[in-house]
Amino acid sequence: MITLWSLVLGLYTPPPPPTPLWEEVQPGEVTYRMHRWMGYGILTGSIVQLGLGWMALSAYERGDLPPDGVRITHRVLGYTVGSLAVANAVLGTWNLLSIKSGQRRRKHYLHATLSWLATGGYVLAGILAYQARTRPDFDRYRIHRNAALTAVGATVLTVGVIIW
Amino acid sequence: MILFALLAQVFRVAGGTVTYEAVARSAAGLIPHEIRGENRDVRGEVVLQDTTLVGTLYVPVARFSSGNLQRDRDVAELLAYRTHPYIVVTVKGSAFPVHSLLERKKDTVNLPVQLTLTVRDCTKLFTEVPAEVIRDTDTLEAHLALSTRFTDLGVEPPKVKGLGVFGGLVSRAEDRLKLSGRLRFVKEVETP
């Protein structure tokens, strides 16, 4: 109990500190960290894909075939990034639903929406790539590139919204 | 009656917020954006006796909410919340009008207070901080604000954590900080 003298003499001690806010409102630590690092992986993979895609498309524009290493790596990495994007979007939605409803912010919903749009973009880019490969057509590769660029842009916005 | 009114009156924190406001710059310093963190879990007590108001407030470091949980966590770790869970604020205001103690109706008093802020191991004294104190029968409401710098409180301006030297390029706070408080106190006990 506080008294004048305890306050004056500095004998008053505060109660134990409350639980950190992020422990109260956040989803499980493990799923949260997984979502973060998978997001960074998708962003990094996307940037590498942009480079490989640019190399491949430049070769086509010159009338050459891109080196096998570039084509195969681009394809494998594309499947990886696409799969990661789908898994991470599902994990992110799970995390969002784990947050107490009163603590969900608008930015969480915006991040989730952009994330699903980006995921849709990666899947569409993959489908377009398959179509371009089975029925080779330079314009189809360009459309695939545009879809991939849109997906990467949405990914950057997704990360930016949640960091801010 | 006068003697009764001049006995020490103890008021406990019963609500309100302590807020920090800072400006961060992103994308290598090109894009400014404001960051505002609110803390609704302040604890402490103040004593009003004669014409003096003194008190100690405890602001839990891990309870600021700025709209970004990761940022809140990074700031709390920057302030070493595990070893220093509270920002300690001591308040001293002199020249509280006697007539306000005697009156049983609501009264607003403007008076300069002296604040001592202890953040981690750093203590900083602020004098002549303007405060507005609204006194009702059994409650006090205090509003005050001050401007300072992170470095004055022994804290490096925060930047995005986990990216090493690149964290500052992504987002870094400017070295200026505005602190404000709007707290409500309820009378607890009167002691001689």
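Start by selecting A:G63. This glycine follows helix α3 of chain A, and its phi is positive, near 90 degrees. Keep in mind throughout that the model is predicted.

**Helix α3 of chain A**

Step back from A:G63 and select α3(A) itself, residues 29–61. How many residues does α3(A) have, and how far does it reach? The helix has 33 residues and reaches 48 Å from its first C-alpha to its last. That is close to the 48 Å expected at 1.5 Å a residue.

**All of chain A**

Now colour chain A by secondary structure. Six helices appear, and zero strands. Read from the N terminus, the elements run α-α-α-α-α-α. Chain A has 164 residues, and buried residues make up 39% of them. Turn on the surface next. The accessible surface of chain A comes to about 9700 Å², with 68% of that belonging to carbon and sulfur atoms. Now consider contacts in chain A between residues at least 6 apart in sequence: 72% of them join residues at least 24 apart.

**The pocket in chain A**

Select A:Q49, A:G53, A:H74, A:A129 and A:H144. These residues lie nearest the centre of the second largest pocket, which is lined by 30 residues. The volume of this pocket is about 810 Å³. Which helices of chain A each supply at least two residues of its lining? They are α3 (29–61), α4 (68–98), α5 (106–134) and α6 (138–163). Helix α3(A), where the tour began, gives the most, with 10 residues. Colour the pocket lining by class and you get 16 nonpolar, nine polar and five charged residues.

**Helix α6 of chain A**

Stay with this pocket and select α6(A), residues 138–163. Why does its length agree with expectation? At 1.5 Å a residue, its 26 residues should span 38 Å, and its end C-alpha atoms are 38 Å apart, so the two agree.

Show the side chains of α6(A). Buried residues here include A:Y141, A:H144, A:A147, A:A148 and A:A151. Further along α6(A), A:V152, A:A154, A:T155, A:T158, A:V159 and A:G160 are also buried. An α-helix has 3.6 residues a turn, so residues three or four places apart point the same way. Look for that spacing as you step along the buried set. What covers the buried residues of α6(A)? The cover includes α3, α4 and α5 of chain A.

**All of chain B**

Switch to chain B. It has four helices and 10 strands. From the N terminus on, the order is α-β-β-β-β-β-α-β-α-β-β-β-α-β. Of its 192 residues, 49% count as buried. The accessible surface of chain B comes to about 9100 Å², and 57% of that belongs to carbon and sulfur atoms. For contacts in chain B with a separation of 6 or more, residues 24 or more positions apart account for 65%.

**A buried leucine in β9**

Select B:L140, in strand β9 (residues 139–148) of chain B. Is B:L140 buried or exposed? Its relative accessibility is 3%, so B:L140 counts as buried. Now list its contacts, leaving aside neighbours within four places in sequence. Among them are B:F11, B:V46 and B:L53. B:V133, B:I134 and B:R135 are in contact too, as are B:L183, B:R184 and B:F185. Then draw a distance from the C-alpha of B:L140 to that of B:V186. The two are 46 residues apart along the chain, yet their C-alpha atoms are separated by 6.4 Å.

**Two positive phi values**

Most residues other than glycine have a negative phi. Two stops in chain B differ from that.

- Select B:A80, in the loop between α2 and β6 (86–93). Its phi is positive, near 55 degrees. At 22% relative accessibility, B:A80 counts as partly exposed.
- Select B:R120, in the loop between β7 (107–119) and β8 (122–135). Its phi is also positive, near 55 degrees. At 28% relative accessibility, B:R120 counts as partly exposed.

**Last stop: a cavity**

A search of the whole structure finds two cavities of 30 Å³ or more. Go to the second largest, which holds about 40 Å³ of space. Select its lining: A:W22 from chain A, with B:Y20, B:V61, B:A62, B:R63, B:F64, B:D72, B:V75 and B:A76 from chain B. Which helix of chain B gives the most to this lining? It is α2 (residues 69–78), with three residues. By class, the cavity lining has seven nonpolar, no polar and two charged residues.

How values were computed: Residues numbered from 1 in each chain as written. Chains lettered and ligands numbered in written order. Predicted model: local features only at pLDDT ≥ 70, side-chain atom pairs only at ≥ 80, totals over all residues. Heavy atoms only, no water. 1 Å grid on protein atoms, 1.4 Å probe; cavity = no way out; pocket = protein on both sides within 12 Å on 5 of 7 lines; lining within 4 Å. Points joined across faces, edges and corners; volume = space filled by probe spheres on them. Nonpolar A, V, L, I, M, F, W, Y, C, P; charged D, E, K, R; others polar. Buried < 20%, exposed > 50% of the residue type's maximum accessible area, 1.4 Å probe, protein only. Contact = heavy atoms within 4.5 Å. Areas by Shrake-Rupley, 256 points an atom, 1.4 Å probe, with all protein chains shown as cover. Expected span 1.5 Å × (residues − 1).
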